[in-house]
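Got your viewer open? Grab the mouse and follow along, one selection at a time.

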Amino acid sequence: MNSASADMSTPSPVSPVAPRLLYCHCRYAQVVPGAVKNEVLRRLCDSKVPFEAVPDLCELSARKDPALETLAAGGRIKIAACYPRAVKWLFAAAGHPLEVEQAEVLNMRTQRADEIADALLAAGFRPNLPLDRTPASASASDSAGSAA
Amino acid sequence: MALTDSQVCVYLHEDDGQAPISATDRFQTISALLEKGYRVSFQPSAHPAIRKNDREVPAIVSGSGSMTSVDGTLVPTTGTPTMAQAALEAAESVRERSGAAKPGSWLPWFPVIDYDRCTNCMQCLSFCLFGVYGVDDRGKIQAQHQDNCKTHCPACSRVCPEAAIMFPKYKAGPINGDQVSDADLQREKMKIDISALLGGDVYALLRDRSERARSRFGKERDADKALVERQKCLTKLGEIMADVPAEVLSSLPSPEQIAKRAEEAKARAQKALSGA
């Protein structure tokens, strides 16, 4: 399979520059539990750290919004949204791909609010986007598919 | 509204010498703005860094609830009892004066391609009836017209043999972006096989039914029966694509139009694949 994620067992060394924070409100769908969204946002607001909040990352992607370029190109970023695979390709679809080693995605569909908020506000950084498919992994995956 | 219209972004910050925004005000203000579809950049400093791009209209909201637009024009806030309401009024005012898009007029439901999985087979382009897909100048499949996509319809992801098409707002994985398992992949391939057993492919099934209907209608000339046949056809399609919304099925063009569009899409796919 080619959906391997970056190693999450050990945080990367703490950078002198704190990662930027992005919160997606997933406004147009009910797939992210409201209680999780609200608690994550409340914790961000309580912390008084600077952050970016978007009503819906999907919408920005479809619009190819230049704001995504700023977010993707500005170094380390922690993103509270949904599945890392979806977030990776939403940015890519807008023409502003995230760098695999520069993004940590917290999944508000599956993770607890306190777990997400703690990770957003912690000094550590755990990049977890699916790794780009390499020719080696592609051929391995293809072989597995042929054999099946 | 076009997807390329400019959008308002609210810069929420704290002025020197003013009381800081309380956590409650901050939460209520940002929540209210997000619910109305506005982006927010919270910067607890006196001098917010305003992004410079031609698709963003900044509305600056300071800690006291006094409002200015980026050109320094004050926006009246008299009579607004909460900071959240004041911020919303400021955002609306800036939007109206700038001609920026009204947020929330489109539900962003569209396919997102996982190019780590996509093999550029063009099945999605061949299948989609609504012209969502196209190819770039190198023949690579793209979702090009996202706003053509039918809300809550994940049909194209069902025909993708590699489970490479995501709808991030879909209820379940792997279509929602969750990792793709071997079992998922086998299930997707099995669906293709089932549809093939039922009639070569969905379009072939539709065409076949259309032909039979035409033959019968030639004799009977009965418009009601034509409608019944079409309903049967759409019901069959609904059985194959269990989670395609009924409103999508009911808004499909006639079988003849579907067949014509399918041929056109296939021709485009073939052209892209052959590099012509």
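Here is a walk through both chains, with a short stop at each selection. One thing to know before you start: this is a predicted model.

**Stop 1: chain A as a whole**

Select chain A and switch to a cartoon view. You should find 6 helices and 4 strands. If you trace the chain along its sequence, the elements come in the order β-α-β-α-α-β-α-β-α-α. Chain A has 148 residues, and 51% of them count as buried. Now think about who touches whom: of the contacts in chain A with a separation of 6 or more, 77% are between residues 24 or more positions apart. Turn on the surface if you like; chain A exposes about 6,000 Å², with 57% of that supplied by carbon and sulfur atoms.

**Stop 2: strand β4 of chain A**

Select residues 103–107 of chain A. That is strand β4, and 5 of its 5 residues are buried. Show the side chains and look at which way they point. A:Ala103, A:Val105 and A:Asn107 go one way, A:Glu104 and A:Leu106 go the other way, and all are buried.

Which strand does β4(A) pair with here? Add residues 77–81 of chain A to your selection: this is strand β3, joined to β4(A) by 5 bridges, and the two run parallel. For one example of residues facing each other, find A:Ile77, which stands opposite A:Ala103.

**Stop 3: helix α4 of chain A**

Next, pick residues 84–93 of chain A. This is helix α4, a mostly covered one, with 8 of its 10 residues buried. The buried set is A:Pro84, A:Arg85, A:Ala86, A:Val87, A:Lys88, A:Trp89, A:Leu90 and A:Phe91. Then slide along to A:Gly95, which follows α4(A) and has a positive phi, near 90°.

**Stop 4: A:Ser61**

Now click on A:Ser61, which lies in helix α2, residues 57–63 of chain A. Is A:Ser61 buried or exposed? Its relative accessible area is 1%, so A:Ser61 counts as buried, the cut-off being under 20%. To see what surrounds A:Ser61, show A:Leu68, A:Leu90, A:Ala93, A:Ala94 and B:Phe110; A:Ser61 touches each of these, leaving aside residues up to four places away in sequence. Notice the chain letter on B:Phe110: this contact takes you over to chain B.

**Stop 5: chain B as a whole**

Select chain B. There are 9 helices and 9 strands to pick out. Of its 276 residues, 51% count as buried. Among contacts in chain B between residues at least 6 apart in sequence, 64% join residues at least 24 apart. The exposed area of chain B is about 13,100 Å², and carbon and sulfur atoms supply 52% of it.

**Stop 6: strand β2 of chain B**

Zoom in on residues 39–43 of chain B. This is strand β2, and 5 of its 5 residues are buried, so the strand is largely enclosed by the rest of the structure. Check both faces: B:Arg39, B:Ser41 and B:Gln43 sit on one side, B:Val40 and B:Phe42 on the other, and all are buried.

What pairs with β2(B)? Start with residues 51–54 of chain A, which form that chain's strand β2: 3 bridges join this strand to β2(B), and the two run antiparallel. Here A:Ala53 stands opposite B:Val40. Then select residues 7–13 of chain B, strand β1, which pairs with β2(B) in the parallel sense over 5 bridges. In that pairing, B:Tyr11 has B:Ser41 as its bridge partner.

**Stop 7: B:Asp147**

Go to B:Asp147, in the loop between β8 (141–143) and α4 (155–159) of chain B. With a relative accessible area of 39%, B:Asp147 is partly exposed. Which residues does B:Asp147 touch, not counting residues up to four places away in sequence? Show B:Leu3 and B:Trp106 to see them. You can also draw a distance line from the C-alpha atom of B:Asp147 to that of B:Pro108: they are 39 residues apart along the chain, yet separated by 7.5 Å.

**Last stop: a cavity**

Rolling a probe the size of a water molecule over the atoms shows where empty space is left. The count comes to 7 cavities of 30 Å³ or more. Take the second largest, with a volume of about 100 Å³. It is lined by 14 residues, and the closest to its centre are B:Cys118, B:Cys121, B:Cys124, B:Cys160 and B:Ile165. Sorted by class, the lining has 10 nonpolar, 3 polar and 1 charged residues.

How values were computed
Residues numbered from 1 in each chain as written. Chains lettered and ligands numbered in written order. Predicted model: local features only at pLDDT ≥ 70, side-chain atom pairs only at ≥ 80, totals over all residues. Heavy atoms only, no water. Buried < 20%, exposed > 50% of the residue type's maximum accessible area, 1.4 Å probe, protein only. Contact = heavy atoms within 4.5 Å. Areas by Shrake-Rupley, 256 points an atom, 1.4 Å probe, with all protein chains shown as cover. 1 Å grid on protein atoms, 1.4 Å probe; cavity = no way out; pocket = protein on both sides within 12 Å on 5 of 7 lines; lining within 4 Å. Points joined across faces, edges and corners; volume = space filled by probe spheres on them. Nonpolar A, V, L, I, M, F, W, Y, C, P; charged D, E, K, R; others polar. Pairing = 2+ DSSP bridges.
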